[in-house]
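Hello,

Here is the structure I promised to pass on to you. Please open it beside this message, and then read on for my notes.

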Amino acid sequence: GTTVTDCTPGPNQNGVTSVQGDEYRVQTNEWNSSAQQCLTINTATGAWTVSTANFSGGTGGAPATYPSIYKGCHWGNCTTKNVGMPIQISQIGSAVTSWSTTQVSSGAYDVAYDIWTNSTPTTTGQPNGTEIMIWLNSRGGVQPFGSQTATGVTVAGHTWNVWQGQQTSWKIISYVLTPGATSISNLDLKAIFADAAARGSLNTSDYLLDVEAGFEIWQGGQGLGSNSFSVSVTSGASHHHHHH
């Protein structure tokens, strides 16, 4: 069938499932807890849900898990169809994404993109470039890493609060949608990258490795779902028009 269930901890500890002909992959990505988490995944449509979870971590630190769907390369684990990545940020012609989610009314979690960049086109470990997060929503009082540096900023036709921080070896910039939402359509990531660069939080000579979307969960989590997700990244080189 087209439906699989992947649980962590479990035999498939990496917890990566190819969907939509390997244009995307869904990952359990439970990295800060040993509590059971199961994802139910439709490999044909790429829709997935957190079918088992009852996390109970404190909201002051890192989340328990980040179940997510992605295109590109996550820690060297790369999708293979219509990827468009890795690509140098400065060479991006267009980068557009849409995402529809199901959210629950309990627990502590965010609904967020996690976008990784690196100084070279590939890495099998922690990327050393900027981590760009885009929060569609959150509940339970969780906050982005770092400190809020701007409020009410309009980028890509939406209003955001911006948070910036420095991890041990990489920068993080987070764009928090205000007000929050359950979905976003045709979001212009290139405009977000340009804004992050203007704020000193992104080096445009770094490479975009992947675009991920999912739920950082601190508490609860069962019932969260990704109904549909798409991202398309193209090179600027294919869009040059020469007039003579």
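Below is what I found, beginning with a sheet and its strands and ending with a pocket. Please keep in mind that this is a predicted model.

**The open sheet**

A good place to start is an open sheet of six strands, which follow one another in the order 1-4-5-18-10-16. The pairing in this sheet is antiparallel. Its edges are strand 1 (3–8) and strand 16 (183–188), each of which pairs on one side only. From one strand to the next, the twist averages 20°. As general background, the strands of a sheet pair through backbone hydrogen bonds, in either a parallel or an antiparallel way.

You can walk into the sheet from the edge at strand 1. Six bridges connect strand 1 with strand 4 (residues 37–42), and the two run antiparallel. If you would like a landmark here, look for Thr 5, which stands opposite Thr 40 in strand 4.

Next comes the pairing of strand 4 with strand 5, again antiparallel, with four bridges. Ile 41 faces Trp 48 of strand 5, standing opposite that residue. These two strands form a hairpin with five residues between them, where Gly 46 has a positive phi near 85°.

Moving on, strand 5 (residues 48–52) is joined to strand 18 (residues 225–235) by two bridges, and these strands also run antiparallel. The residue standing opposite Thr 49 is Gly 225 in strand 18.

**Another hairpin**

Further along the chain, strand 13 (residues 147–155) and strand 14 (residues 158–166) make an antiparallel pair over six bridges. Val 155 and His 158 of strand 14 stand opposite each other. This hairpin has two residues between its strands, and Ala 156 takes a positive phi near 55° there.

**Two residues to look at**

Is Thr 17 buried or exposed? Thr 17 counts as buried because its relative accessibility is 11%, under the 20% cut-off. You will find Thr 17 in strand 2 (residues 16–19). Setting aside residues up to four places away in sequence, Thr 17 touches Val 4, Asp 6, Tyr 24, Arg 25, Val 26, Ile 41 and Thr 43. One of these, Ile 41, is the residue that stands opposite Trp 48 in strand 5.

Gln 91 sits in the loop between strand 9 (87–88) and strand 10 (92–102). With a relative accessible area of 41%, Gln 91 is partly exposed, since that value falls between the 20% and 50% limits. Which residues does Gln 91 contact, leaving aside its neighbours within four places in sequence? They are Thr 234, Ser 235 and Gly 236. Gln 91 and Thr 234 are 143 residues apart in sequence, yet their C-alpha atoms are 8.7 Å apart in space.

**The largest pocket**

Finally, have a look at the largest pocket, which holds about 790 Å³ of space. It is lined by 34 residues, and those closest to its centre are Trp 31, Pro 63, Asp 114, Glu 131 and Glu 216. Strand 7 (68–74), strand 11 (108–118), strand 12 (131–139) and strand 17 (207–221) are the elements that each give two or more residues to the lining. By type, the lining residues divide into 15 nonpolar, 13 polar and six charged.

Enjoy exploring, and write back with any questions.

Best wishes

Terms used: Residues numbered from 1 in each chain as written. Predicted model: local features only at pLDDT ≥ 70, side-chain atom pairs only at ≥ 80, totals over all residues. Heavy atoms only, no water. Buried < 20%, exposed > 50% of the residue type's maximum accessible area, 1.4 Å probe, protein only. Contact = heavy atoms within 4.5 Å. Pairing = 2+ DSSP bridges. Axes fitted to C-alpha atoms, helices over the stretch in contact; angles between N-to-C directions. 1 Å grid on protein atoms, 1.4 Å probe; cavity = no way out; pocket = protein on both sides within 12 Å on 5 of 7 lines; lining within 4 Å. Points joined across faces, edges and corners; volume = space filled by probe spheres on them. Nonpolar A, V, L, I, M, F, W, Y, C, P; charged D, E, K, R; others polar.
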